[in-house]
Amino acid sequence: MRAVVYGNDHKLSIQEMPDPLCPRNGLLAKVHACAICGSDVKMFKAPDPRVKPPQIVGHEFVGEIMEVGSDARGFSVGDRVVMATTLSCMACPACWAGKTNLCPNVMPVSRAFPGAFAPYIAIPWEGIRAGNTVKVPSSLEDDGACLAEPLSCAVNAQQLAGVRTGQTVVIVGGGPLGALNAELAKANGATRVIVSQRSATRQDLLRELDLDAVIDAASCDPVEEVKRLTDGRGADVVMVTAPDRTAQERALEMACKGGMVNFFAGMSKDDPMVTINSRLVHYNEISITGGSDSTARHVEIAVALLAAGRVNWKRIVTHRFPLSRFFDGMQVMLDRAGLKVVIRPQEDAR
Ligand SMILES: [Zn+2]
Ligand SMILES: [Zn+2]
């Protein structure tokens, strides 16, 4: 089969790979759709030491079970599934506490196990033993279902940030995860959702969502604009989805007294330091949380939200390509010309 492979040269290319076999205690699935993640863009631009080459990449997928291993239980041929793809050891304090996303022994799909930019994927036992493979109701279309994994990361972060009814939530950075965070904030009961974004193309796409305001961060001071839109008060929660120092630093100025800032996006490991205005944290009693990855439970919640129509995925999936045009999809991501790009490996599978 043809697949997108992270090679020994640390570059992505489309290569011929052996068709996977169904593991005795796992599953074999046909990949219907797999979205391009920001982490895929990162490994396209620079080597990712966490990937064991040669490796098939792609983890935001929905598949259909074609074969169930003789020792696997709980799945039937024809089930459509998505995955919490950060497989964990289930034998450490983080896993015992249910924080499998913080397991120090993670085995992520597309890094430790082959991923889903391919017509077929083998789901190993580690992917079903702890609930990581989640069934999708037939009412949810493939393009929406493959957003369950990225949405689940927002579910985790907004739980940590305590987003709830009646709040004003500002999303800094309106890329795919900014858009998903905005939709989720509404689903979580936020009464005002404001997104700040520099790219004019993405501002236009964000205006297709039912948001209260889209701030053009290229032509105004986003902090001043948030203050103006909130009568000087600031936001209850600021979700920073841009991996950007200034965005993280200035988020503290956007938060109201007693507010919450969530660093949703991770800074580059080569340049991770930010300067925090300690007086804002102290006198305004501002809290700062992180939010990394997600667990099986967060993916279940994401599937339920998507299936219930609570997240407008049809406006967030802006581009679709067959696998042979993966790099056209990558270019859309690099150009920030859309929001979510979905690859459909069955369209040109032999
Ligand atoms: Zn992802
Ligand atoms: Zn663990």
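This report describes a zinc site and a parallel sheet in a predicted model.

Residues are numbered from 1 along each chain as its sequence is written, and chains are lettered from A and ligands numbered from 1 in the order in which they are written. Local features need pLDDT of at least 70, side-chain atom pairs count only at pLDDT 80 or more, and totals for chains, interfaces and linings use all residues, while side-chain values use heavy atoms, with hydrogens and water left out.

**Zinc site**

The zinc ion (ligand 1) has three protein donors, C37 (SG), H59 (NE2) and E60 (OE), at 2.2 to 2.4 Å. Donors are N, O and S atoms within 2.8 Å of the metal (3.2 Å for Na, K and Ca); water is not among the atoms, so sites may look incomplete. The donor residues follow the spacing C-x21-H-E in sequence. Because C37 lies in the loop between strand 3 (27-35) and helix 1 (38-45) and E60 in strand 5 (residues 60-68), the pair ties together parts that are 23 residues apart in sequence. Helices (H or I, at least four residues) and strands (E, at least two) are DSSP runs, numbered from the N terminus.

Two of these donors are compared below; buried means under 20% relative accessible area, exposed over 50%, partly exposed in between (1.4 Å probe, protein chains only).

| Residue | Relative accessibility | Class |
|---|---|---|
| C37 | 13% | buried |
| E60 | 1% | buried |

**Parallel sheet**

An open sheet of six strands runs in the order 13-12-11-14-15-16, with parallel pairing. Strand 13 (213-216) and strand 16 (287-289) are at the edges with a single partner strand each, so one side of each has no neighbour in the sheet. Strand 12 (residues 192-197) pairs with strand 13 in the parallel sense over four bridges; two strands pair if DSSP finds at least two bridges between them. Q197 stands opposite D216 in strand 13.
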